[in-house]
Every structure is written in C-alpha cells, then in structure tokens.
Amino acid sequence: MNNRNVLILGGGVAGSSMAYYLTEKGYDVTILEKNSKVGGLARTCFYGGHPYEFGPHIWFWPGGKEAPINDTVVRLTNDELYYIERRLFTYVEPDNRKYRYPVHYRDVALMPEREQIERELRENRDQQLKLIESQLPEIGNCKFAEYFTAAIGPTLYNKFMANYTWKMWNIPGDELETSMVWADRFQSEKAAPTTQKVTGYDPLKFDDHTLGKGIRFQVYPKHGWNAVWDAMVTRSTVVRDSVVGIEDEYRKPYVLTGSGEKYFFADYHTVFCSIDIDRLWGEDALPYTGRMMIPLLIPGLAHAFPEGAESLHYSSCEFQTRVTEMKVITRHDSPDTLILIEVPVLPGAAKCFPSNTLEYALEHNLFAEKAYPQQSAQAFDTYEAYVERGRKIPNLRYVGRHAEFKYWGMAETVNSAYEKSLAFPQV
Ligand SMILES: Cc1cc2nc3c(=O)[nH]c(=O)nc-3n(C[C@H](O)[C@H](O)[C@H](O)COP(=O)(O)OP(=O)(O)OC[C@H]3O[C@@H](n4cnc5c(N)ncnc54)[C@H](O)[C@@H]3O)c2cc1C
C-alpha cells in the first residue's frame, strides 16, 4: 500500500479510538481537534479538586476484560479500574417522593395511582406479569411513546417518562424513534449482531435495582479518563485547529480549517469525520438538545444523596434532568461533595450566558450545544441526505456519535471505531 496516511476530524472518544486502532496497524494518523486536549465530552476536568466529566462517564459493555474493546480500556489504564454498581432514583415532584430508577414494580404500591397502574400493567402482561411480546409494538419500528405506554401503561409513562423524554431530547415521545435510541443499546447489552431484532425489553424491573446489572464490565478509571484518550493518540499527530468545512478546488475536495490550512482528500488513504456531519459541510441543520452542567461544590458534606445513589433523575418539568454526585463514581477522597446539575439548553443558548461564565464553561467541559441527537424520522432523513452528499468523496468515512448521529455511549463509540479498523490491513 502506497498511501498509509489517515486524517481524522475531531479528537473526542471516536477520533482518539479510531487513531489508536489504526496506528496499531501502522497507519500515519493526523487528528484535527479544536480543543487543547483530546477526549471530547469524556475528558476529565476538575472543580475544587474533584474530577468530573461532562455528566457521568461510566464505561459499560458486555463480556469480561477479554472482550476486545474492554481489553483496550484495561490495557490503557493498567487495569486500574473501579467497578461500579449504579444506584439511581427518580424524584417525582407531584408525589414528593423518590422512586427507584429504572421503574421498579415494588414501588408501584407506594404510588397514589397504584390501582389504576396495576390495571394498566395487566393489559399486555400474563399472570406472572411477564410482557406478552405479540401484543407489543416492535422496537425499532414504532415510536418511543407507543412502546412504553404498551409496556408500562399510560399512568406510569406519564409519571416517569413523558415529561422527562421531552425535557431530555426536546422531542415528544410520540415523535421519538425507537430505532436508534434504544435498539443499539439493547443489542450491545446482549452483545448481539446489529441485525438481530430487539424483543422483550421490559422497562419495569422486578428483581434488582442497579442499572446495567449483569454487565460484568462496568467501570471508571481510577485516575480519570484523560490518560486513556492521551494514550490512544500518542502515535498520532494532533493538530489544534478547527474544521470549517469541505471546499472544492478544481474538483479536488479538501477540508478547510480555521487557520486556513487545506487538507486535500486525495492526499489520504481515508478521512474519518468524527465531528457533527452537518458541520462538515459548514451547516447546522441536524437537531440536537444541549446541556449546561452546573458544578455545585458543597463544602463539609461528605455525601449528598440517599442510599449511596449516584444520580437522581427529575422526571417532571423542573429545569434539571439529572443530578449526579460525582464522588460516588470517581471515589475522590474529600470531606466535600461535588454535584453536577444537568440542565437542558437549546440552540442559541450560549448567547444567554455572560461571556466570562460561558468561556469558563467551554474551557471546563460544562457546556455543549450538541449533546443529544433528536432522533425523529425527519432528522434521520436529514442525516441520510448528508451521507448521500458525502458519497462523491470516495475516501470519506464517519465514526462516532456526532458523525453517525447515534445516541451512543463511549463503549458503542469505541466499538464503532474498532469494527471499522478491522477492514484496514496491517501496513
Ligand atoms: C451528559 C452526558 C452524559 C454521558 N454519560 C455517559 C456515560 O456515563 N457513559 C458512556 O459511555 N457515555 C456517556 N456519554 C456519551 C459520551 O460522551 C459519548 O459517547 C462520546 O463522547 C462520543 O464521542 P465522540 O467522539 O463521538 O464525540 P465527542 O466526545 O463530543 O468528541 C467530538 C470531538 O470533536 C471535536 N470537534 C467538534 N467540532 C470540531 C471542529 N469543527 N473541528 C475540530 N474538532 C471538532 C470536539 O472538540 C471533540 O473533541 C454521555 C454523554 C452526555 C452528553
């Protein structure tokens, strides 16, 4: 092979892991990253000495340490990992009560509408309260509200999900597609091939109360995530520059950067885009809901949340969606507590903050206008139109949550890079 040069746009989780797997195979990788550090939303920052990421950043993926991408995390952390048991609650303001998250059957008895909920639950369940699959809409082929109202009934849906979903993604449940929001995640939990149909997912829990129980590899690195992303790019050249968009010069397309550099596609074996696919074309058409993270240090309070909980979800119409006590994850030893309050923001929100606080928020990974893709049928059509537009550049590929427009965690993102790297021969 003559050309072993690869260009990667964006050095977040997707860009760094793509660089890692390709440099392992002998490719020469250049990354264009607009920030001073790699790691994107999963970069570890500090407030009052407490480590945090942009919201909780726990790695979870099926299989044990030997599963290929879990093995990557083990190797790059020297196996210095905390194994996490996730305890989460939902605070329901009208009931002035916290319940377990995900919704637990035993908590129904504590709810004011328990009789109505019991009646609704039995509509699509057998005597043992197991879901009757033939009566449920098919995940991946129905809207979010359709599946969840069938599985848990309208009362539980309205109490825990209707407002939360709207607030979380700024899209009502009857427009939100289940195809990518849920299907990917459940397929990866079962380590199933991506073509397999997802069936029998029950949002109501009967046995345990920890999220992701059964996934043996659910971890947080003892020294935070930065060492992992830094190690992934050590064999690459990271250029601090921002991608402005794709331009054309006499039918020779190139990537133009903020500093005016031109990176011609023809000079590379492959160009991987891991930034927002619409930004790649200098546009802003894909709908996202952003987040402002508000770090709240409470001096002299060793733990803030009940029963060792990591996060509380707020399911009504209050400003925050989720509040996380970071120490429960990072195990930071301190007499104080750091709480991260997650507040949804919409496009243009940056204009509303005083410029010094916004600068601080951007520098410290506390603000992202594009955090959660709004996965409606219309948004998918817009996404597909961008993919179509890029087909005229034969060596352009996409990797990661922004470029593939997926509701993905770190592991799904790294897995996408790993799987793509398998098509590249050793050079
Ligand atoms: C609130 C929240 C909580 C989360 N919690 C978890 C969790 O607990 N566990 C988990 O596994 N995942 C979690 N995630 C998901 C995780 O953050 C993503 O899966 C991961 O960050 C996706 O990686 P990425 O590289 O696709 O995107 P990003 O991490 O966003 O990286 C994109 C990179 O591209 C760069 N970039 C963007 N535009 C340009 C440009 N024009 N030019 C140059 N560079 C550019 C950015 O600076 C960034 O470095 C969470 C996400 C959010 C929003």
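This is a short walk through the chain as a whole, its sheets and the shell around its ligand.

Two ground rules before the fold. The model is predicted, so to be clear on cut-offs: local features need pLDDT of at least 70, side-chain atom pairs count only at pLDDT 80 or more, and totals for chains, interfaces and linings use all residues. Residue numbers start from 1 along each chain, as its sequence is written.

Start with the whole chain. It has twelve helices and 21 strands. Those are DSSP runs numbered from the N terminus: helices are H or I with at least four residues, strands are E with at least two. The radius of gyration is 22 Å, close to the 22 Å from the globule rule for 427 residues, so the protein chain is as compact as a globular protein of that length. That radius is taken over C-alpha atoms, and the rule is 2.2 Å times the number of residues to the power 0.38. Along the principal axes, the C-alpha atoms fill a box of roughly 70 × 55 × 45 Å. Of the 427 residues, 41% count as buried. Buried means 20 or more other C-beta atoms within 10 Å of the residue's own, with C-beta atoms placed from the backbone.

Next, domains. Domain 1 covers 5-80 + 220-286 + 373-421, and domain 2 covers 111-192. The bounds come from an automatic or database domain assignment. Taken over C-alpha atoms, the two centres are 32 Å apart.

Now the sheets. Here, two strands pair if DSSP finds at least two bridges between them. One open sheet has three strands in the order β12-β13-β14, paired antiparallel. Its edges are β12 (243-249) and β14 (262-264), each pairing on one side only. Neighbouring strands are turned by 30° against each other on average, direction ignored. For these angles, axes are lines fitted to C-alpha atoms, and angles run from 0 to 180 degrees between N-to-C directions. Six bridges link β12 to β13 (residues 252-257), in the antiparallel sense. Look at D248: its bridge partner in β13 is P253.

A second open sheet of three strands runs β5-β10-β6, again with antiparallel pairing. The edge strands are β5 (59-61) and β6 (81-83), each paired on one side only. Here the average turn between neighbours is 35°, direction ignored. β6 and β10 (residues 217-221) are joined by three bridges and run antiparallel. L81 has P221 in β10 as its bridge partner.

Then β7, residues 86-92. Five bridges join β7 to β8 (residues 97-101), antiparallel. L88 stands opposite Y101 in β8. Four residues lie between the strands of this hairpin, and N96 takes a positive phi near 50°. β7 also pairs with β17 (residues 311-314), this time parallel, over four bridges. There, Y91 has Y314 as its bridge partner.

Last, the ligand. Which residues come nearest? Of the 35 around the ligand, they are G12, G40, G55, G400 and G409. The elements giving two or more residues to this shell are α1 (13-24), β2 (28-33) and α12 (410-421). A residue is near if its C-beta atom, placed from the backbone, lies within 6 Å. By class, the shell has 15 nonpolar, 14 polar and six charged residues. Nonpolar means Ala, Val, Leu, Ile, Met, Phe, Trp, Tyr, Cys and Pro; charged means Asp, Glu, Lys and Arg; the others, Gly among them, are polar.

Note on methods. Buried ≥ 20, exposed ≤ 12 C-beta atoms within 10 Å, placed from the backbone.
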